[in-house]
Amino acid sequence: MAKEKQLLEHWRELTPEKQQKVLEFVESLKSESEATSINTEYIPQTPLAQKLWEIRQRAIASGIKLLTAAEIEQELAERRGGYRES
């Protein structure tokens, strides 16, 4: 509990902009831990899958935000000239 109290005391001293940065940092840590728990469950079965998995792990470790399926579809449509907002 002492760490929570210390964190709260420091939080109160920060500007709103720095508080936002702290929130973003905490979210990134949370995402990393969720990604790590998922990563330990998957075992690639082919050489191609192994190579793609290693690329994915390096991307996650570097802090790149992975796209959702919907975001991938949108990006593909935009690149192909077929995306229109409704």
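1. A salt bridge here is a side-chain nitrogen of Lys or Arg within 4 Å of a carboxyl oxygen of Asp or Glu. Glu75 and Arg79 meet that rule, with their closest N and O atoms 2.8 Å apart. The two residues sit four positions apart in helix 4 (residues 69-79), which means that about one helical turn separates them. Glu75 is partly exposed, at 31% relative accessibility, whereas Arg79 is exposed, with a relative accessible area of 68%.

2. The model is predicted, and confidence should be read along with the geometry. The mean pLDDT of the protein is 84, and 85% of the residues score at least 70. Among the helices named for their confidence, helix 2 has the lowest mean, 78, and helix 3 the highest, 92.

3. The fold is helical: the protein has four helices and zero strands. Read from the N terminus, the order of elements is α-α-α-α.

4. How much of the protein is buried? Of its 86 residues, 9% are buried. The accessible surface comes to about 8000 Å², and carbon and sulfur atoms account for 58% of that area.

5. Helix 1 (residues 2-13) has the length expected of it. Its 12 residues should span 16 Å at 1.5 Å a residue, and the end C-alpha atoms lie 17 Å apart, which agrees. The expected figure is 1.5 Å times one less than the number of residues, so the multiplication does not start from the full residue count. As for cover, helix 1 has hardly any: the count of buried residues among its 12 residues is zero.

6. Helix 2 (residues 16-39) contains Val26. Together with Phe25 and Leu29, Val26 forms a nonpolar patch on the surface, and the accessible area of the three comes to about 280 Å². Val26 itself counts as partly exposed because its relative accessibility is 45%, and partly exposed covers the range between the buried limit of 20% and the exposed limit of 50%. This patch belongs to the element with the lowest mean confidence, helix 2 at 78.

7. How many aromatic pairs are there? The count is one. Tyr42 and Trp53 make up this pair, with ring centres 4.6 Å apart and 50° between the planes, and the arrangement is tilted. Tyr42 lies in the loop between helix 2 and helix 3 (47-62) and Trp53 lies in helix 3, so the contact ties together parts that are 11 residues apart in sequence. The term tilted applies because the angle is neither under 30 degrees, as for stacked rings, nor over 60, as for edge-to-face ones.

8. Are the two partners of that pair buried or exposed? Trp53 is buried, at 16% relative accessible area. Tyr42 is partly exposed, at 39%.

9. The count of salt bridges is two. Besides Glu75 with Arg79, the side chains of Lys65 and Glu71 meet, at 3.2 Å from N to O. Lys65 is exposed, with a relative accessible area of 58%, and Glu71 is partly exposed, at 29%. Side chains of opposite charge can pair when their charged atoms come close.

Note on methods. Residues numbered from 1 in each chain as written. Predicted model: local features only at pLDDT ≥ 70, side-chain atom pairs only at ≥ 80, totals over all residues. Heavy atoms only, no water. Patch = residues over 30% accessible without salt bridge, like charges linked within 9 Å, V, L, I, M, F, W, Y side chains within 5 Å. Areas by Shrake-Rupley, 256 points an atom, 1.4 Å probe, with all protein chains shown as cover. Buried < 20%, exposed > 50% of the residue type's maximum accessible area, 1.4 Å probe, protein only. Phe/Tyr/Trp six-rings, centres within 6.5 Å; stacked < 30°, edge-to-face > 60°. pLDDT = per-residue confidence, 0-100.
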